[in-house]
Each structure stands twice: as structure tokens, then as C-alpha cells.
Amino acid sequence: MSAATPPSSSSPALDTFRDIILWRRKEVSATVVLVSTATWILLQVYQFNFITVASWFIIFILASLFLWGNVLRLLGKEPPNVSDFDISEQTTMEITNTYRIFLEDVLRWMFHVTVDENWFVFARTLVGLLLLSYIGAFFDFLTLVYIGITMVMIVPVIYMKYGDQIQRSGEKVKGEMGRFYEIFDEKVVRQRMSKFVKQEKEKKNV
């Protein structure tokens, strides 16, 4: 008898998302990039209102479906039956669990940064947030969302192709940062702590 295959821990929704960002479904991935780019150009470059663009998009979808259904009828074919279209309970639970896991990871990360006794991680996080706030001062929210979507659609593919080189470079940078932290801790933090302790002892002796 063959060994039983263990159940997969990934959900269909996560598999679909992974396929899209890794460009395994090239048509869907290209559609995401084109729609996000067209939306950003219409709203940011041509200064169209969001409601106007959304209305045009819905009109385009409705007109396309209307023409598609009538063309199928003219060709003597049955149009697709959408009366039974619904969102299954399994899909709803998968989406809910995905958001729940994401929220738990965010809360766990926040406690790790603030509660754990590792001030270097805390300082690094603050520097990253300050850098993000500085960058955000030069862009509006729509542009940041577009940049985020573009990065999500590009970075994973690059990492899949050049993951080994990126990991080696990351290890080098991590090693340099570790050495910098050791030097900073030895020459700045410990010296200030020893100086502070020495001053406190001198005050007590006086």
C-alpha cells in the first residue's frame, strides 16, 4: 500500500495569489499590472475622479457581458448560467482565516519588536518606519498603492530567479550590520553605561 499523502496546508485562494504574483497565470498577472497602471494614469496623470473611473469600468464590464451573451445567442449557443453563482462557505472561511493569520502575525511582530529585549530590532524598525514616512511625504496614497502593487508583481519573480545571489548578498549585509552593532555597542553603549555607573558611584561616595 502506498503511503497516504499528507493534506496540503495551503488554501486555493493562497495558491491562486501565489500563481498570480509569480506570473504562472500570465494573463491574470498582466491584467493586474495593466489595470493598476491604467487606473493610476487616469487618476494621477489625467486627474479623473475615482467615481468616474469606477463607473466607466463597471459600464465596460456590463457592456462586454451584454454583447457576449447576445453573440452567443446569435450563434445558437446557450449563454452561461449564472443563477447558481455563489461564494462557497469554504472560500469564505479561507479568506477569513487568511486575514486572521495576517492579523496574528502583525500582532506577534509588534510584541516581538516592543516587548522582547532586543533594542537593535526596535531601533531598526523605528528607522524603517521613519524612512517610510519620509518617502511617503513625496507621494500621495494612490501612488504608494500603485508602487506597492508593482513591487508585489515584480519582486517575487526576481527573487525566484536570483534568490541565491540575493541571499548571499543579504548574508553579507547582515554580517556587516552585525559587526557595526558590535562596534557601536562596545564603543558607545558600554562606555556610556560604564561612565554613568562611575558617576553614580562618585555621587554616592560624596
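# A guided reading of a predicted helical model

Visitor: In which loop is Gln47 found?

Guide: The model is a predicted one, and its elements from the N terminus on run α-α-α-α-α-α. Helix H2 spans residues 26–45 and helix H3 spans residues 50–74. Gln47 is found in the loop between H2 and H3.

Visitor: Is Gln47 buried or exposed?

Guide: A residue counts as buried under 20% relative accessible area and as exposed over 50%. Gln47 has a relative accessible area of 59%, and therefore this residue is exposed.

Visitor: What is the phi of Gln47 near, in degrees?

Guide: Most residues other than glycine have a negative phi. Gln47 is a residue other than glycine, and yet its phi has a positive value, near 60 degrees.

Visitor: Which residue has a positive phi in the loop between H1 and helix H2 (26–45)?

Guide: Helix H1 covers residues 12–21, and the loop in question runs between H1 and helix H2 (26–45). The residue there is partly exposed, at 27% relative accessibility. Although this residue is not a glycine, a positive phi of about 60 degrees is found at Trp23.

Visitor: How many helices does the protein have?

Guide: The elements run α-α-α-α-α-α from the N terminus on, and the protein has 0 strands. The number of helices is 6.

Visitor: What percentage of the chain is helix over residues 53–75, which UniProt lists as a transmembrane region?

Guide: The unreviewed UniProt entry places the feature "transmembrane region" at residues 28–47, 53–75, 118–135 and 141–159. Over residues 28–47 the model is 90% helix and 0% strand, with the end C-alpha atoms 27 Å apart. Over residues 53–75 the end C-alpha atoms are 33 Å apart and strand accounts for 0%, while the helix content is 96%.

Visitor: Which residue meets Asp15 in a salt bridge?

Guide: Side chains of opposite charge can pair when their charged atoms come close. Both partners lie in helix H1 (residues 12–21), 3 residues apart, which is about one turn of the helix. Asp15 is partly exposed at 26% relative accessibility, and its partner, also within the partly exposed range, has 35%. With a distance of 2.8 Å from N to O, the side chain that meets Asp15 is that of Arg18.

Visitor: Is Asp19 buried or exposed?

Guide: Asp19 lies in helix H1, and its contacts, not counting residues up to four places away in sequence, are with Arg24, Arg25 and Ser29. Because its relative accessible area is 18%, and the cut-off for this class is under 20%, Asp19 is buried.

Visitor: Which residues are joined with Asp19 into one salt-bridge network?

Guide: Asp19 forms a salt bridge with one arginine whose closest N and O atoms are 3.3 Å apart. A further salt bridge of Asp19 has its closest N and O atoms 3.9 Å apart, and this one is made with Arg25, a partly exposed residue with a relative accessible area of 38%. Salt bridges that share partners thus join Asp19 into one network with Arg24 and Arg25.

Visitor: How many salt bridges does the count come to?

Guide: Among them are the pair of Asp15 and Arg18 in helix H1 and the pair of Asp19 and Arg24. Another joins Arg25 to Asp19. The count comes to 6 salt bridges.

Visitor: Which helix gives the most to the lining of the second largest pocket?

Guide: The lining is made of Leu34, Val35, Ala38, Thr39, Leu42, Val53, Ala54, Trp56 and Phe57, and the pocket has a volume of about 180 Å³. H2 and H3 each supply at least two of these residues. With 5 residues, the helix that gives the most is H2.

Visitor: How many charged residues does the lining of the second largest pocket have?

Guide: The lining includes Leu34, Thr39 and Phe57. By class, 8 of its residues are nonpolar and 1 is polar, while the number of charged residues is none.

Visitor: What percentage of the contacts between residues at least 6 apart in sequence join residues at least 24 apart?

Guide: The protein has 206 residues, of which 11% count as buried. When its contacts between residues at least 6 apart in sequence are considered, the share that joins residues at least 24 apart is 52%.

Terms used
Residues numbered from 1 in each chain as written. Predicted model: local features only at pLDDT ≥ 70, side-chain atom pairs only at ≥ 80, totals over all residues. Heavy atoms only, no water. Salt bridge = Lys/Arg side-chain N within 4 Å of Asp/Glu carboxyl O. Helix = DSSP H or I, 4+ residues; strand = E, 2+ residues; numbered from the N terminus. Buried < 20%, exposed > 50% of the residue type's maximum accessible area, 1.4 Å probe, protein only. UniProt positions renumbered as here; feature names shortened; annotations may be inferred. 1 Å grid on protein atoms, 1.4 Å probe; cavity = no way out; pocket = protein on both sides within 12 Å on 5 of 7 lines; lining within 4 Å. Points joined across faces, edges and corners; volume = space filled by probe spheres on them. Nonpolar A, V, L, I, M, F, W, Y, C, P; charged D, E, K, R; others polar. Contact = heavy atoms within 4.5 Å.
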